[in-house]
There are 2 protein chains.
Amino acid sequence: MTYISAALFIIGTELTRGVIADKHCQVLASQLTQLGYRVDRMVLVPDDGTIGEVLKECVDTCDIVILTGGLGPTSDDLTRSIVAQMAQVPLVRDQATFDALYARIGERIWGANEQQTMIPQGFAAIPNPYGTAAGFMGIIPEGEREIVCIAMPGPPREMDPMFFDQVLPYLAQLIGHDDFSRSEYSTFLIPEAKLDELCRQATFNGLQWGTRFQDLKISLYLVGGNEEERSEMANRLNSLVGPSLLVAGDIMPAQLLTDLLVERGETISCAESCTSGFIAKLLTDQKGSSAWFYGGAVTYANEAKMAMLGVRDATLQNHGAVSEACVLEMAEGMLKSSNTDWALSVSGIAGPDGGSNEKPVGTVWFGFTSKHRSSAAVRVQLTSYGRDSVRRKASVVALILASQYIKGACLLDTVKKWQYI
Amino acid sequence: MTYISAALFIIGTELTRGVIADKHCQVLASQLTQLGYRVDRMVLVPDDGTIGEVLKECVDTCDIVILTGGLGPTSDDLTRSIVAQMAQVPLVRDQATFDALYARIGERIWGANEQQTMIPQGFAAIPNPYGTAAGFMGIIPEGEREIVCIAMPGPPREMDPMFFDQVLPYLAQLIGHDDFSRSEYSTFLIPEAKLDELCRQATFNGLQWGTRFQDLKISLYLVGGNEEERSEMANRLNSLVGPSLLVAGDIMPAQLLTDLLVERGETISCAESCTSGFIAKLLTDQKGSSAWFYGGAVTYANEAKMAMLGVRDATLQNHGAVSEACVLEMAEGMLKSSNTDWALSVSGIAGPDGGSNEKPVGTVWFGFTSKHRSSAAVRVQLTSYGRDSVRRKASVVALILASQYIKGACLLDTVKKWQYI
């Protein structure tokens, strides 16, 4: 039997009364998806008699049912008896679970907690190092089909380690990842749907992938194969998306730049117009940022560009604030007043209004200067999905281009090779 | 027929793939529970052919089925046709919806968007002021029973107002609340659990409430009673939380300040240390911000405070950067170089390291100055839940205190009355 279709079954009256928000669905669904399972339904139900009926529907249509919750010692925690009923087996004591719990709570085990050492006959107990409720997994026979049923406790601090350490490796084997392993990458500026399409192009030898959108980046998980193969797939992707838009590990865009500065023992300052402080904010998200960050000028008004950075009135008159000349003067003014090793500048049209044919919304100029090398500026046309999207993307571009500039790469070359931003 | 049992049916492949977390279940479940409904299941399914089968199970067992998602213009958005099938009626164009959409997008309506003007025959359209997909509600007959079926779009910015303004009053009537209505408030800096506790204290005559965490604020909905009663409950809350931490309407913290500046035709600039550009970023989130925002100095390093704002070396030596004297010099330096009507400054200890007994992590000084009145500074001790939390809270405090300062309120008084930040 091939196991593909999964159902998540989350039990808790506090969820269906809206007292708390579910925390499991996204974690479980993203991991299952990455392994190649298809999550066909996620069901949240109260701790009451209706569990059996709804669970039956999951068993009828899916190959794997993962339950969380309803394993506590109180009378309304029904999961273990419902699963036993459905598997048509009695509940029996799991001696190892009993012994482990007895070692921890002694004679207090006699009472409600004893119930927590019972599991459906034929199922395997899953130890719970962080609580009193063991999980269990086994088979529910359903005509010709054998449904894999896995039950875990509800509290995230118990469920998460049980799932990641004990259940996930089993599920990886079940779907055919013999040597289950994965590598994590961080990708920038690529729309998630496009990344998925590119992974389809770049995959080979059955390598799988999963993505997770995280604010300023998308995490990419390559799953299966060996490390060399996953790294080869990452190289293929890199050549499709363009330089520096995919890096190994769990990295925020600002870290690309700050790691480099820490390594070199150097400092930076920034002059921002359209991003209006957002780059400075990102550069100081990490602790200890005073080691690399001097500060910056947020020069939103043209008067601010002149007063704080010494941009010339003639430059603004002749070229406008969104121009090569302006961002170069901004960066140079910033470097001069800050005496940092590096300075960057940004000026663009965030919209929604204010664009022209020549400079539509999403047009952004980036400037860079330094004690160590000559200045550079480059224009990038960002696809606009609104003011916020232009400002966020411009900030990420500035951080990536600054690292490229420090490394001595040609910015124009870099930007030309970016395919999908 | 008595309607009690409700099912929530949330559609979106990005949910079952774990790309995003569901945001609707808790909001809908808590509101339905408060009205007296019993939510018997919440089901999340992908945008695919299995929707019909799972929806049938909900219809078989519940009296009310609320769907979100699957109303977009793309081919995998199946909600409207599945509901029509289940109600055994054709899809027909809703002329009012068509006219409203045509008025907004004109000839572009011909194509995928036209589909969004179709609803199951006999259902009522629910206007969507924030998107192209109208919702709809009607009856699915099921033998003797008549199931109420309500479909709304998936994006929270479209679903929330549709639910609260149009669907919730209907559901209240359905279960027997004759005069149902609600008011929305925005609250700042109060932990959600505390807000809930305070609502319990402030409620009377059976007024209900719901909260929703939204990044820099928590939305509070007061439900039931008449407008006067809800406003009285808001007043009681206001006196519990302290001035300006609860305001009527859906307001972001920066708007408190920018609305005031627009009304007065005045401008502001800001000098930031620990918030490092975040306030400048928030002040420019709205379009047209060049009308009120000049720019600012991000003076992270002490050298930056001296070079960009004229803070004196002696001040830094004698009082430190996190001090009344320093934030006053920062604000005054900013006002002088910018020539704006108002200037604000912030300097604090964001952590996680660097605190002392005298100035623990979370200590933040705020400075304000103006052409119109004498300078003021105030110290706030923020509860630290990490660097990010301190910086976000400090930014919100700065925006609120700036509005208070412009209005001529005493800042020390204001801060003293804040109870739970």
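In this predicted model, chain B and chain A meet through many residues on each side: 57 residues of chain B are in contact with 60 residues of chain A. The size of an interface is often given as the accessible area lost when the parts come together. Here, the area buried between chain B and chain A comes to about 4500 Å², and carbon and sulfur atoms give 53% of that area.

Charged and polar partners also appear across the boundary. Eight salt bridges are found between chain B and chain A. One of them links Arg41(A) with Glu53(B), where the closest N and O atoms lie 3.8 Å apart. In addition, 40 residue pairs, both members at pLDDT 80 or more, are in polar contact between chain B and chain A. On the side of chain B that touches chain A, strand E2 (residues 38-45) of chain B supplies the largest share, with seven residues. Sorted by class, that side of chain B holds 25 nonpolar, 19 polar and 13 charged residues.

Strand E2 of chain B deserves a further look. Seven of the eight residues of E2(B) are buried, so this strand is mostly covered. Within chain B, strand E1 (residues 5-11) pairs with E2(B) in the parallel sense over seven bridges, and Ser5(B) has Arg38(B) as its bridge partner there. Across the interface, E2(B) runs antiparallel to strand E2 (residues 38-45) of chain A, joined by three bridges; among the residues involved, Val43(A) is partnered with Val43(B).

Strand pairing between the chains is also found at E14. Strand E14 (residues 293-298) of chain A and strand E14 (residues 293-298) of chain B pair in the antiparallel sense over three bridges, and Gly296(B) is the bridge partner of Val298(A).

Terms used:
Residues numbered from 1 in each chain as written. Chains lettered and ligands numbered in written order. Predicted model: local features only at pLDDT ≥ 70, side-chain atom pairs only at ≥ 80, totals over all residues. Heavy atoms only, no water. Contact = heavy atoms within 4.5 Å. Buried area = accessible area lost by both parts, 1.4 Å probe. Salt bridge = Lys/Arg side-chain N within 4 Å of Asp/Glu carboxyl O. Polar contact = N/O pair within 3.5 Å; in protein donor to acceptor, adjacent residues only side chain to side chain. Helix = DSSP H or I, 4+ residues; strand = E, 2+ residues; numbered from the N terminus. Nonpolar A, V, L, I, M, F, W, Y, C, P; charged D, E, K, R; others polar. Pairing = 2+ DSSP bridges. Buried < 20%, exposed > 50% of the residue type's maximum accessible area, 1.4 Å probe, protein only.
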